[in-house]
Amino acid sequence: MPGCYSGPMHHRVTSAVSLSLRLLLLAAALLAVRPAQAIDKTTVEWDSLPPLPESTSGQFAGVHNDVLFIAGGTSFPVPPWEGGTKFWHNKIYALYENEPPVWGYVGKFAQARAYGVSISHPSGFYVIGGSYGDGHHRDSFRITLEPDGIEVMPFGGQLPEPLAYHGGGLIGNTVYIVGGQTGPTITTASDQLYALDLESASAGWQTLAPIPGGGRILPAVAVLDGKLHVVSGASLQAGPDGKPVRTYLTDHWVYTPGDDGGAWAKAAPVPHPVAAGPAYGNELGVMLIFGGDDGSLAARGSELGDGHPGFGKDILAYQPAIDSWSVAGQTRETLVTTTAAYYHGGVVIPGGEPKPGRRSTGVYSASIPRTPHTLTWPDYTAIILYLAALVGVGWYFARGENNTERFFLGGRKVPWWAVGISIFGTSLSAITYLSIPAQAFATDWTMVFANAGAFVVAPIAVWYYIPKYRAAPISTAYEYLEHRFHPLVRVYGSLCFLLFQAGRISIVLLLPSIALNTATGMEVWQCIVVMGVLATLYTAMGGIEAVIWTDVLQSVVLVLGAVLALFLVVADVDGGWSGIAVSAFENDKLRLASPSWSYATDSLWVILIGNLFMMFYPTTADQTVVQRYLSTADAKSAGRAALTNMWLTLPATLIFFLLGTALWGYFREHPLLIPAGMKNDAILPLFIMTEFPAGLRGVVIAGIFAAAMSSLDSSINSIASVAINDYYKRYLSPAADERSTLWLARIVTIVMGVVGTACAWVMAELNAVSLWNPFLTILGLAGGGLAGLFALGVFTQRGNGPGAIAGAITSGVVLWAVITFTHAHAFLYGMIGFLTALVAGYAFSLALPGAKKALPES
């Protein structure tokens, strides 16, 4: 076959890869069994604490100095249907950690108090507002545990209005309270949101934007990921007798604090009203609502008496990553009008109202039975063998490396199909492998068309770019810019590439390491060091051939792992494929496009046009890809490689989006499996750790390692190629012998690998991932038009060196203005940079004198 290297080394490598794939499939068949110990994915576990000294509901509950307090509340010594009246409490109890634990009386409020907000903070247990029967309180208290007992002190001044039956939560050091009723006979519920900074409580309460869903009492409120979630409750209006009548709600609002006063957003509504249900979030990673009143029997409490069936027992779990509710078990009792406090690793639900007119003394602690996800010895064995195989590939090719042509270009004899898979594997970095399923998991399918531009750009590269690159004896993409324009243009292009790749190395190591740490428990620095050291080792030994063949292996492993994950997900979701599809459709998870014509959102035209132009850089101007074109036997083989990558992109994209949607369906049924604070990018590794059988789990985790290493090895090999060919051999030592140049190439490879690994480690220690975005912005201004310069050289005859430089400068200025003064979507930056560099470069070439250069023949 033309363009295909068929020497003995090729046959040996092909056989080795074939054998590796057969062994992988055999291992999958042998190990395809469920983990021996299944974990309970859907239910909350309960424990009991000592019963309360008095049966109460509406009480306050909180923790200070690791002591649980209960304060105030109400009770019915005689049921109301027997003529009894509600009794209001003012006592404060603490749970003493004796053996066995016991409640003890520790103090009291000056006035009875119930149905307010409880806040636990390191500085104290805060009691905010509440009712005393004939009226509602405006004051608040802080309860602290001191060496000589408790101290109950007023704090924060007066509330803006008397409030009871409101909800609240703590974000950082700021208390937020929302909703409530300002008096016992008031027929409208408050929609106000108030905030108080505990570190400057003397400044008083601040009034913020009211809840858009309208006023309500008894909402279920919890804090998750720094946001206040307000769910359900009941609105009030005057009844025929003038007394307040409730309308039970199912809406769900989320408040995000901000310097501008913050903002409200709507979230998934609950399946049914859960008014007065205690709720908690924070450490759990999900919002749990324990029971609640759906209002169906609200008007029949006295009529039913003790025949009342009680309130709801379902525990509803909300996972913000999937914006969905599911049932996560049942409560021990049907309790409402109580509160929740986090104590000793569980959510404590004290007392409450099991049915109208009755109170409970039960105290229950709910916890989520999350089994730590750890790798087993078969997993570690698989990882070690896999990574050792990668190093073995580097050692194998090191024996044939005797010049830089072989080290950087594989002697221009690498098979086109291997190069095509390698290009695919390089673009399929660990970040991409994790982020595409995470995108579909968290949102919808609007980004599925982001890779559609490949079917336009790849043929253009095959027909126009690759023949130009192969017509001249070049070793780097930027050498073409010198042949076509001017040495200064070559320096500009290569310098942009070097700066981008130098920064990229750290990110492609750090981000997957963070995701792997979340899912597997492996330390971030361990992941970084393992990937950095091994990738540097085999790349320094085997050069581009080691890079390409390890890319082939890891691409196959990752795609097979994704396919297997997809089938495992579907097998564990109720209804399988059809169940996922129906649920996804009902929740708008399969939305393919946003029909907006706005240039500031990810509308369909922005995604299609913006990503089409963005693809010109990696396909035509990135040394990591162009270097692979140059490693094949001829232009025809290079074109086949480019088209191979194009055709692999389509099914891979569909697989990853299907997988992301399937993961949404899976974790929608099992939201408690997602740990607190987990980023969406860790969702696939989490599923692998949860559901994959031992051994095969290790292979796929090793594949994720290898995906990051694939991006790293491509970067450091290409950096070395540019440094040696565009600077050392071009300017510093044109007559250097091959032996010393090859030695220097390996040194540069090792140095870049070590520096990139060290920078990733430092960024991890400093939590400095956010530095990547301003770095990209600054570099984008300089290099955004680089692909446009290549187009200027390929598609025009009159483009010249001065015009190209002027076009690059103009592109940077225009991009800066667009970023600074418009709201254009980031996807459009590539198009703007490309077209500005091309058009301005051509215009300046017509206006500025410059030599017309012909490409030398190879």
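This passage walks through the salt bridges, one sheet, a pocket, the cavities and two unusual backbone angles of a predicted model. Local features are reported only at pLDDT of at least 70 and side-chain atom pairs only at pLDDT 80 or more, while totals for chains, interfaces and linings use all residues. Residues are numbered from 1 along each chain as its sequence is written, and side-chain values use heavy atoms, with hydrogens and water left out.

Salt bridges come up first. Side chains of opposite charge can pair when their charged atoms come close. Here the term is used for a side-chain nitrogen of Lys or Arg within 4 Å of a carboxyl oxygen of Asp or Glu. Searching the whole structure on that basis turns up 15 salt bridges. One of them joins Arg412 to Glu405, with 2.7 Å between the closest N and O atoms. Glu405 has a relative accessibility of 30% and so counts as partly exposed; the label covers values between the buried class (under 20% relative accessible area) and the exposed class (over 50%), taken with a 1.4 Å probe on protein chains only.

Two further pairs involve helix 17. Helices here are DSSP runs of H or I with at least four residues, strands are runs of E with at least two, and both are numbered from the N terminus. Arg730 and Glu482 form a salt bridge at 2.6 Å, N to O. That pair ties together distant parts of the chain, with Arg730 in helix 17 (residues 696-732) and Glu482 in helix 8 (residues 477-484), 248 residues apart. The two partners fall into separate burial classes: Arg730 is partly exposed at 29% relative accessibility, whereas Glu482 is buried at 10%. Asp726 and Arg490 also meet in a salt bridge, again with 2.6 Å from N to O. This one links helix 17, home of Asp726, with helix 9 (residues 487-520), home of Arg490, across a separation of 236 residues. Asp726 is buried because its relative accessibility is just 1%, and Arg490 is buried as well, at 3%. Put together, Glu482, Arg490, Asp726 and Arg730 make up a network of salt bridges.

Next, the sheet. Strands of a sheet pair through backbone hydrogen bonds, either parallel or antiparallel. For counting purposes, two strands pair if DSSP finds at least two bridges between them. Four strands line up as an open, antiparallel sheet in the order 2-3-4-5. Strand 2 (60-64) and strand 5 (102-108) sit at the edges, each pairing on one side only. On average, neighbouring strands are turned by 30° against each other, direction ignored; the angles are taken between axes that are lines fitted to C-alpha atoms. Strand 2 and strand 3 (residues 67-75) are held in antiparallel register by five bridges, and Phe60 stands opposite Ala71 of strand 3. In the loop between strand 2 and strand 3 lies Asn65, which has a positive phi of about 50° despite not being a glycine.

Ala71 turns up again in the cavity search. On a 1 Å grid over the protein atoms alone, a cavity is a set of points where a 1.4 Å probe fits but cannot get out, a pocket is an open set with protein on both sides within 12 Å along at least five of seven lines, and lining residues have an atom within 4 Å of a point. Grid points are joined across faces, edges and corners, and a volume is the space filled by probe spheres set on the points. The whole structure holds four cavities of 30 Å³ or more, and the largest cavity comes to about 70 Å³. Its lining includes Leu52, Glu54, Ile70, Ala71, His89 and Tyr93. Strand 3 and strand 4 (87-96) each give at least two residues to that lining.

The second largest pocket encloses about 1,200 Å³. It is lined by 35 residues, with Lys86, Tyr165, Arg246, Ala298 and Glu353 closest to its centre. Strand 17 (244-248) and helix 2 (301-304) are the elements that give two or more residues, and strand 17 makes the largest contribution, four residues.

Finally, Asp588 is another residue other than glycine with a positive phi, near 60°. Asp588 belongs to the loop between helix 11 (576-586) and helix 12 (604-614), and its relative accessible area of 45% makes it partly exposed.

Methods. Axes are lines fitted to C-alpha atoms, for helices over the stretch in contact, and angles run from 0 to 180 degrees between N-to-C directions.
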